[in-house]
Amino acid sequence: MGQSSLPITTLLSVVRLIPWATITVTLIIIVACANGTLHHVPSDAQLDRWGTGLSALGDGRIWTIITTNFLIDHPVAIISTVILSIVATGSCELFFGTKRAIFAWFAGAWLPLLLAMLLLIPAHIWQLQSTIDRLMAPEVGSSTATWCCAGAVVGVPPLVHSWRRVVGSGSLLFLLAIVAYRPDYGSLEHLSTFIAGMAFYYVWRDRPTRIGVLTRERGARLLSIVCGVVFLIELVLTGLWWAPFALLPISIALILISLFVPGSVDRPLAILVLLGGILANLFEPNPATILAVAAVLWLTLYRGRWTLPEQPTVDVRHSR
């Protein structure tokens with residue numbers, strides 16, 4: 001069988017259409033490995049130098065509006081960062097193009113700064129010093145950026161149809177639940193950027209889209225690779241003791257099968273992802289891991305109108 005028939009060829013063609021999602025995930029993982037935040041939270045020195053906030057901008061550290069999104073705030077956050085970046089930012093790129101995805105990504109990073117400036121006014125009036133300190137503190141993480149991209153993809157739930165209404169409603173209820181459970185500025189940031197992203201959908205929805213290159217099989221293979229990477233990361237997070245090492249062969253098998261085994265691989269991918277997902281959540285429970293596993297199971301096991309098409313509707317060679 002020739003090299004051109006291998007799945008990796010088509011998958012790389014799809015990945016080339018989501019360069020921003022790929023670059024951001026790669027940089028975030030490299031930074032986390034380099035500065036040790038895969039094992040501990042960022043130090044005060046790292047937050048002061050690379051995190052952004054009103055105090056950082058007031059002191060002239062303008063570069064932090066860029067660097068803040070490539071530093072995670074907690075080791076476990078790398079899991080949701082990888083998954084949401086590929087799913088949300090990657091989808092935004094396929095739907096609206098890389099330039100608009102970058103705009104939404106940075107809008108999600110910078111809108112919380114504007115919100116913090118607005119909230120400072122009532123905080124000063126009511127003399128809420130603890131709130132002022134929280135709004136001025138430097139922060140890190142790309143979660144608000146990816147949630148803005150997600151909002152741009154789904155739109156406002158009552159005004160859209162099909163899967164957008166389901167995904168948008170679920171995401172909105174999830175973020176509202178976080179605000180109700182933990183009513184702090186961080187949860188408000190995520191909700192506000194998701195809502196802001198919804199507005200972008202109505203500005204961009206008539207633009208040419210490249211989402212047609214993503215078939216059910218390609219989506220299943222790409223998300224299986226993401227799951228494999230996430231399982232490897234969880235192996236590192238759990239400290240490399242003997243029990244989680246069962247994730248290592250599962251991760252390697254997922255990546256190799258997705259890249260190099262042609263034909264129908266739905267069943268082996270579904271079995272491996274389900275097994276790896278159960279183990280991963282036993283060692284390090286994470287909602288994003290559950291989401292990624294569920295997405296792969298949906299793509300590999302379900303056939304019907306609520307899934308991706310079996311054949312591409314856009315030629316990957318002419319969709320850049």
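This is a short talk through one protein model, from its overall build down to a few single residues.

The model is predicted, so please keep that in mind throughout. I will start with the whole chain. The protein has 15 helices and zero strands. Its radius of gyration is 20 Å, close to the 20 Å that the globule rule gives for 320 residues, so the protein is as compact as a globular protein of that length. Along the principal axes, the C-alpha atoms fill a box of roughly 70 × 50 × 35 Å. Of the 320 residues, 49% are buried. If we take the contacts with a separation of 6 or more, 79% of them are between residues 24 or more positions apart.

Next, the interior. The largest nonpolar core has 63 residues, and those that touch the most other members are Ile78, Cys92, Phe231 and Leu254. Which helix gives the most to this core? That is helix H6, residues 77–96, with ten residues.

Let me stay with Phe231 for a moment. Not counting residues up to four places away in sequence, Phe231 touches Leu247, Ile250, Ser251 and Leu254, among others. Those four are also among the buried residues of helix H13. The other residues touched by Phe231 include Leu272, Val273, Gly276, Gly277 and Ala280, and also Thr289 and Val293. Apart from the largest core lies another one, of 13 residues, including Ile8, Leu11, Ile18 and Leu222.

Now the helices around that region. Helix H1 runs over residues 7–15, and its buried residues are Pro7, Ile8, Leu11, Ser13 and Val14. They pack against helix H12, residues 216–237, and helix H13, residues 247–260. H13 itself has 14 residues and reaches 20 Å from its first C-alpha to its last, close to the 20 Å expected at 1.5 Å a residue. Besides the four I named, Ile257, Ser258 and Leu259 are buried in H13. The cover over the buried residues of H13 includes H1, H12 and helix H14, residues 266–283.

That brings me to Arg221, which sits in helix H12. Is Arg221 buried or exposed? Its relative accessible area is 2%, so Arg221 counts as buried, the cut-off being under 20%. Leaving aside neighbours within four places in sequence, Arg221 is in contact with Pro7 and Leu11, and also with Ile257 and Ser258. Further contacts of Arg221 are Val261, Pro262, Gly263, Val265 and Leu269.

What does the charged end of this side chain do? Side chains of opposite charge can pair when their charged atoms come close. Here the side chains of Arg221 and Glu217 meet in a salt bridge, at 2.8 Å from N to O. The two residues are four apart in helix H12, so about one helical turn separates them. Residues three or four places apart in an α-helix point the same way, because there are 3.6 residues a turn. Glu217, unlike its partner, is partly exposed, at 33% relative accessibility.

On to the other salt bridges. A search of the whole structure finds eight. Asp59 forms one with Arg61, and the closest N and O atoms are 3.5 Å apart. The two ends of this pair sit in different surroundings: Asp59 is exposed at 58% relative accessibility, whereas Arg61 is buried at 17%. Another bridge joins Glu139 and Arg134, with the closest N and O atoms 2.4 Å apart. Arg134 is partly exposed, at 33% relative accessibility. Finally, Arg216, Asp266, Arg303 and Glu310 are linked in a network of salt bridges.

Last, two points on the backbone. Most residues other than glycine have a negative phi. Gln127 has a positive value, near 55 degrees. Where is Gln127 placed? It lies in the loop between helix H7, residues 98–125, and helix H8, residues 129–136. Gln127 is exposed, with 70% relative accessibility.

The second case is Ser162, which is not a glycine and yet has a positive phi of about 60 degrees. Ser162 is placed in helix H10, residues 162–181. With a relative accessible area of 36%, Ser162 is partly exposed.

For anyone opening the model afterwards, Arg221 and its salt bridge with Glu217 can be found in the structure above. Phe231 in the largest core is the other residue I dwelt on. That is the end of the talk.

Technical notes: Residues are numbered from 1 along each chain as its sequence is written. This is a predicted model: local features need pLDDT of at least 70, side-chain atom pairs count only at pLDDT 80 or more; totals for chains, interfaces and linings use all residues. Side-chain values use heavy atoms; hydrogens and water are left out. Buried means under 20% relative accessible area, exposed over 50%, partly exposed in between (1.4 Å probe, protein chains only). Contact means heavy atoms within 4.5 Å. The expected span of a helix is 1.5 Å times one less than its number of residues. A nonpolar core is a set of buried Ala, Val, Leu, Ile, Met, Phe, Trp, Tyr and Cys residues joined through side-chain atoms within 4.5 Å. A salt bridge is a side-chain nitrogen of Lys or Arg within 4 Å of a carboxyl oxygen of Asp or Glu. The radius of gyration is taken over C-alpha atoms; the globule rule is 2.2 Å times the number of residues to the power 0.38.
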